[in-house]
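Grab a pencil and work through these exercises with the viewer open. Each one sets a task and then walks through a solution.

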Amino acid sequence: MPDYKEELIGVFGHPVAENPTVVMHEAAFAALGLKWRYLTIEVLPDDLENAMKGIRAFNMKGINLTIPHKVNVLKYLDEIKPDAALMGAVNTVINVDGRLIGENTDGKGFMRSLTRDAKFDPSGKKAVVLGAGGAARSICVELALAGVKTISIVNRNTGRGESLTSLINTKTSSEAHFIRWEPGYELPKDTDVLINATSVGLAPDIHQKPDISYDSITGTMVVCDVIPAPATSFLRESEKRGAKILDGLGMLVYQGAIGFKLWTGFDAPVEVMHQALSRAFNTESGG
Ligand code: NDP
């Protein structure tokens with residue numbers, strides 16, 4: 001008997017056409033011989049409630065959420081995992097027999113890349129995070145849960161920066177400080193890890209870099225970017241000062257790999273996913 005049925009997952013976003021996640025999941029399905037499909041679905045903010053009902057109606061195994069749905073989706077879920085509840089944002093939903101469970105794998109993906117690829121243990125260390133948006137929130141919460149000593153949160157918008165600082169100080173045992181971003185921000189000398197969690201440097205503005213004093217970066221620091229590209233200007237400038245660098249591709253791959261395991265039950269073929277993404281980014285940049 002033929003069996004044409006495929007298991008469905010995907011992503012809801014707006015705009016979503018340039019989201020590359022499909023590339024790595026489809027490569028992973030092919031590598032493991034799974035009859036699964038990852039769909040890239042444009043969902044307008046007003047249609048999110050119906051789209052979430054659609055997960056149950058189509059018996060989809062789950063969904064990723066991207067801009068602008070990560071916060072609004074919370075009210076349509078049956079359960080929210082503790083880290084995601086702390087962040088107030090969900091990027092991965094798992095459908096377990098009709099129960100929609102929310103998780104956030106962004107910060108976890110970052111931490112996996114930081115510990116495995118950069119071989120950096122954040123416990124007891126001093127971190128500086130540039131930005132206070134969704135990516136910064138998930139990274140700061142996971143850094144704090146991993147026992148980082150202090151986090152300096154540097155942001156232009158005071159409200160967003162103070163809100164994240166207060167979240168870390170009241171809900172975790174790490175100590176956070178808010179620093180209002182002034183052009184040419186100088187890093188404290190004892191910084192162990194610097195993370196660009198802003199959208200500066202994202203395609204098509206790939207030559208832009210955060211406005212900090214690059215001469216305050218030293219060879220003892222690990223410098224990380226959330227921008228999923230192999231060599232941003234931010235990382236190149238940091239490498240020139242002797243810092244160890246970590247790009248955002250690893251974060252993207254690992255956050256997807258964690259979701260893949262939650263949905264399929266299989267360990268994700270991380271190397272296959274990384275290669276598929278790298279190929280996609282090289283093609284896009286004409287490289
Ligand atoms: P948000 O819109 O929630 O936050 C953007 C942040 O960037 C804010 O803190 C904002 O500051 C800051 N920012 C924007 N422009 C500037 C500027 N010119 N100078 C200083 N700060 C600036 O976005 P997200 O947090 O969701 O995403 C941020 C980046 O992270 C994106 O590029 C996204 O692609 C990337 N990302 C990567 C992932 C990965 O797996 N590699 C996963 C998730 C996100 P302000 O508050 O002052 O406006």
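Where is proline 15 found? Start with the backbone: proline 15 is found in the loop between strand S1 (7-13) and helix H1 (21-32). Keep in mind throughout that this is a predicted model.

**Exercise 1. Work out what is unusual about the backbone at three spots.**

Step 1. Recall the background: most residues other than glycine have a negative phi, and most peptide bonds are trans.

Step 2. Look at the bond leading into proline 15. Histidine 14 and proline 15 are joined by a cis peptide bond, with omega at about 0°.

Step 3. Move on to proline 68, in the loop between strand S3 (62-65) and strand S4 (79-80). The peptide bond from isoleucine 67 to proline 68 is cis as well, and omega is near 5°.

Step 4. Now check aspartate 97, which sits in the loop between strand S5 (92-96) and strand S6 (99-103). Its phi is near 50°, a positive value in a residue other than glycine.

**Exercise 2. Describe how helices H4 and H8 pack.**

Step 1. Pick the descriptors: two packed helices are described by the angle between their axes and the distance between the axes.

Step 2. Read off both. The axes of helix H4 (residues 106-117) and H8 come within 7 Å and cross at roughly 120°.

Step 3. Classify the angle. Roughly perpendicular covers 65 to 115 degrees and roughly antiparallel starts over 145, so H4 is oblique to H8.

Step 4. Add the hand: the crossing of H4 and H8 is right-handed.

**Exercise 3. Build up the ligand's surroundings, from the shell down to single contacts.**

Step 1. Take the shell. The ligand is surrounded by 21 residues, and the closest are Ala135, Asn155, Asn157, Arg160 and Val226.

Step 2. Sort the shell by class: 10 residues are nonpolar, 8 polar and 3 charged.

Step 3. Ask which helices chip in. Helix H5 (134-145) and helix H8 (249-264) each supply at least two residues of the shell.

Step 4. Zoom in on oxygen atoms of the ligand. A backbone N or O atom of alanine 135 lies 2.7 Å from one, and a backbone N or O atom of alanine 132 lies 2.9 Å from an oxygen atom of the ligand. Arginine 156 uses its side chain: a polar atom there lies 2.9 Å from a ligand oxygen.

Step 5. Finish with the surface. Taken alone, the ligand exposes 930 Å², and the protein buries 76% of that.

Conventions. Residues numbered from 1 in each chain as written. Predicted model: local features only at pLDDT ≥ 70, side-chain atom pairs only at ≥ 80, totals over all residues. Heavy atoms only, no water. Near = heavy atom within 4 Å. Polar contact = N/O pair within 3.5 Å; in protein donor to acceptor, adjacent residues only side chain to side chain. Areas by Shrake-Rupley, 256 points an atom, 1.4 Å probe, with all protein chains shown as cover. Helix = DSSP H or I, 4+ residues; strand = E, 2+ residues; numbered from the N terminus. Nonpolar A, V, L, I, M, F, W, Y, C, P; charged D, E, K, R; others polar. Axes fitted to C-alpha atoms, helices over the stretch in contact; angles between N-to-C directions. Parallel < 35°, antiparallel > 145°, perpendicular 65-115°, else oblique. Left-handed = near helix turned anticlockwise from the far one by under 90°.
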